[in-house]
Amino acid sequence: MKKLTIALFFTCLWFNANSQSNYDVSKIPEALTKNAIAVIRNEEMFFDFKSASTGQQDYKIAVTILNKAGDDLAEMNEDYDKFSSIYNIKATIYDANGKKIKDYKSSDIKDQSLISDYSMFEDNRLKFLKFYNITYPYTIEYSYSKDYKGILSFPSWYALKGYNIATEKSSYTFRKNAGLNIKYLASNNTKTDSVKIGDKMQYKWSCINLPVIEKEPYSVGLENATDWVKVSPTQFEYDNTTGNFDSWKNFGAWIYKLNENGNVLPITTKDKVQSLIKDAKTPKEKIKILYNHLQQNTRYVSVQLGIGGFKPILAEKVAQVNYGDCKALSNYMKALLFEAGIKSNLIVIGNGMPSMNPKYSSMGQANHMILCVPLEKDTTFLECTSQHSPMGFIGYDNADRNVLMITEDGGKIVHTPAYLAKDNYQNRKTKVIFKEDGLAEIAINSSYGNAQFEDNMGILLAEPVEQRKIINENNGIPGAELIAFKFEQADKAKPVMTEDISFKSTQLLTKGADKIFLTINLMNRKESVPAKIENRKTHFAVSFSYQDDDEITYNLPKGYAIEFLPKDINITSEFGSYSAKFIAKDNVITYARTQMMTAKKFPPEKYNEFVEFNKKIYQADKQKAILAKAP
């Protein structure tokens, strides 16, 4: 009883000592309001790790909303499930002078399902409150407590909450009982204060008076520019299972155990597999046949019920209902392949996330599951949630990153295929024929591969009316009138699509005195250059490496001769390369342009060099030929 009293005393002391508030906006340092949409006035997060399966979080935050752009921050969104509960919620709104406008009642707080548009089964719920005020600035404040009855991960802490959001004061205090082990990963230069309190160990991270970082072009996030901490248990208990994060091998062993006996198929499905592959001569043929069967007969539905957030639905069940989430469909495909005599491995992956850290195993580094099929001479990765992706194409959000392969011996970090610039291609050939009256007939043939296929797949799948609309909104050709168009994926097994479009236009030639000017790059021009930024804060990168090859031939109108043609251009840098060639022969201009970009992540100090590189391309793309009437 004495120990309980002391624990309650410390918790109350911690919360009360930090609960004093003065939310007068005039008290905010001027440096924090510059270019800010909001300021975190005070954030206090406390986590008490009590056992491998239990813990308590106490959280309090006050945010001053400076203008309408910050209104999205004026809400409380706290989720929970059957392994956690939220209680003791308090919420208040203040005016610019820090005077209380309203205390919210429990009846004002909505408790709703967190079911998402793509989820059929999900037991996550949400405590939600939207603060409303029509006069700026104003301050919102809320606090709550949250109990855990199953723990796989702990809250993370970020000193800055987003772009254009300043932080006046923020702290994260983590306390653990004796006998419990944790690990944490922190950004460079983040200070950790640790102290022993009785038989407990306490860690604290904090910051004060951090001005905003503005959204910067091509930014890859704030992690390199602000303090952050990620904390993980080394051992855990969750939904009657136990495991640990000592290593990726051990975590993978937990995932493997969850899936034990989960790939049993009904007899009718086994018979179907054998019937489908009876004429296949190679493992690759079998994989292709069964992957096509998966795409044609199943659909993606998210399932997030307790351990179901991590454990696939039984393959037998998927065979019956023909739907499942990424785990279920990957496991079902695994079962189909097993019936065909082909071994495969589940892959835990961070779709659109950074590579998994090989030296720091934890939850929160992945959000997706795919399948890996290792063959004697090569390895095929399968994205099992897509009904349209070709076999082996996993998309650029899954490519070139560390992932966790689940094996009989536990987890193993492997790397997914990288799509190089030459793989993510756009190849385009355009023919322009000028008539005597200046009318231009334009025929464009383009092909897109890998990531550029993925970027354009939406128009491939769209209805003709929508295709026409997209073409007209994006063609960029002066005075273009659309004549015909066709989109095709000739081989469904390859991430390649073709595009045939024809236009006519009377506005390609610009007259000036007795001269005629022709902007030679008709279709794929760089139309703008990002502004230079002094003292940039964040790293930057393009979305993916790519290469564009364009060739345009102009059959010039009769009665005109080429008076001037630009010289060839070559630009090379660490960001990529660019070349343009201009050839004139028999009153025909042939223009060949190649641009290659690398998706390497660059530090902030390189950004203005990147701008200069883009500026050179912008200027090169504006080159004009000059035509004159033939004597």
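A pocket is here an open set of grid points with protein on both sides within 12 Å along at least five of seven lines, and its lining residues have an atom within 4 Å of a point. In this predicted model, the second largest pocket encloses about 810 Å³ of space. Its lining comprises 30 residues, of which Gln 426, Arg 428, Gln 452, Asn 456 and Asn 524 are the closest to the centre of the pocket. At least two lining residues come from each of E26, H8, H9, E29, E32 and strand E36 (588–597), and H8 makes the greatest contribution to this lining, with 4 residues. By class, the lining of the second largest pocket is made up of 12 nonpolar, 9 polar and 9 charged residues.

Helix H8, which spans residues 451–461, has Ala 451, Gln 452, Phe 453, Met 457, Ile 459 and Leu 460 as buried residues. Gln 452 is thus buried in H8 and is also one of the residues closest to the centre of the second largest pocket. The buried residues of H8 pack against strands E26 (425–434), E27 (440–449), E28 (481–488), E29 (496–505) and E32 (546–555), as well as against helix H9 (464–474).

The model also contains 1 cavity of 30 Å³ or more, and the space in the largest cavity amounts to about 30 Å³. The residues that line this cavity are Leu 294, Gln 295, Thr 298, Arg 299, Tyr 300, Leu 329, Cys 384, Thr 385, Ser 386 and Gln 387. Helix H5 (283–297) and strand E18 (299–300) each provide at least two residues of this lining, which is divided by class into 4 nonpolar, 5 polar and 1 charged residues.

In soluble globular proteins, nonpolar side chains tend to be buried together. The largest nonpolar core of the model holds 64 residues, and those that touch the most other members are Ile 347, Val 432, Phe 434, Ile 442, Leu 522 and Tyr 554. Helix H10 (residues 607–620) gives the most to this core, with 6 residues. Apart from the largest core lies another, of 42 residues, which includes Leu 265, Val 273, Leu 371 and Val 373. When residues up to four places away in sequence are not counted, Val 432 is in contact with Ala 440, Glu 441, Ile 442, Leu 508, Leu 522, Ile 552, Thr 553, Tyr 554 and Asn 555.

Aromatic side chains form 39 pairs in the model. One of these joins Phe 544 and Tyr 546 in an edge-to-face arrangement, with 6.1 Å from centre to centre and 70 degrees between the planes. Because buried means under 20% relative accessible area, Phe 544 counts as buried at 11% relative accessibility, and Tyr 546 is likewise buried at 17%. A further edge-to-face pair is formed by Phe 575 and Phe 602, with 4.8 Å from centre to centre and 65 degrees between the planes. Phe 575 lies in the loop between strand E34 (569–573) and strand E35 (576–585), whereas Phe 602 lies in the loop between E36 and H10, so this pair ties together parts that are 27 residues apart in sequence. Both Phe 575 and Phe 602 are buried. Elsewhere, ring pairs link Phe 47, Phe 49, Tyr 148, Phe 154, Tyr 172, Phe 174, Tyr 184, Tyr 203 and Trp 205 into a cluster.

Conventions. Residues numbered from 1 in each chain as written. Predicted model: local features only at pLDDT ≥ 70, side-chain atom pairs only at ≥ 80, totals over all residues. Heavy atoms only, no water. 1 Å grid on protein atoms, 1.4 Å probe; cavity = no way out; pocket = protein on both sides within 12 Å on 5 of 7 lines; lining within 4 Å. Points joined across faces, edges and corners; volume = space filled by probe spheres on them. Nonpolar A, V, L, I, M, F, W, Y, C, P; charged D, E, K, R; others polar. Buried < 20%, exposed > 50% of the residue type's maximum accessible area, 1.4 Å probe, protein only. Contact = heavy atoms within 4.5 Å. Core = buried A, V, L, I, M, F, W, Y, C linked by side-chain atoms within 4.5 Å. Phe/Tyr/Trp six-rings, centres within 6.5 Å; stacked < 30°, edge-to-face > 60°.
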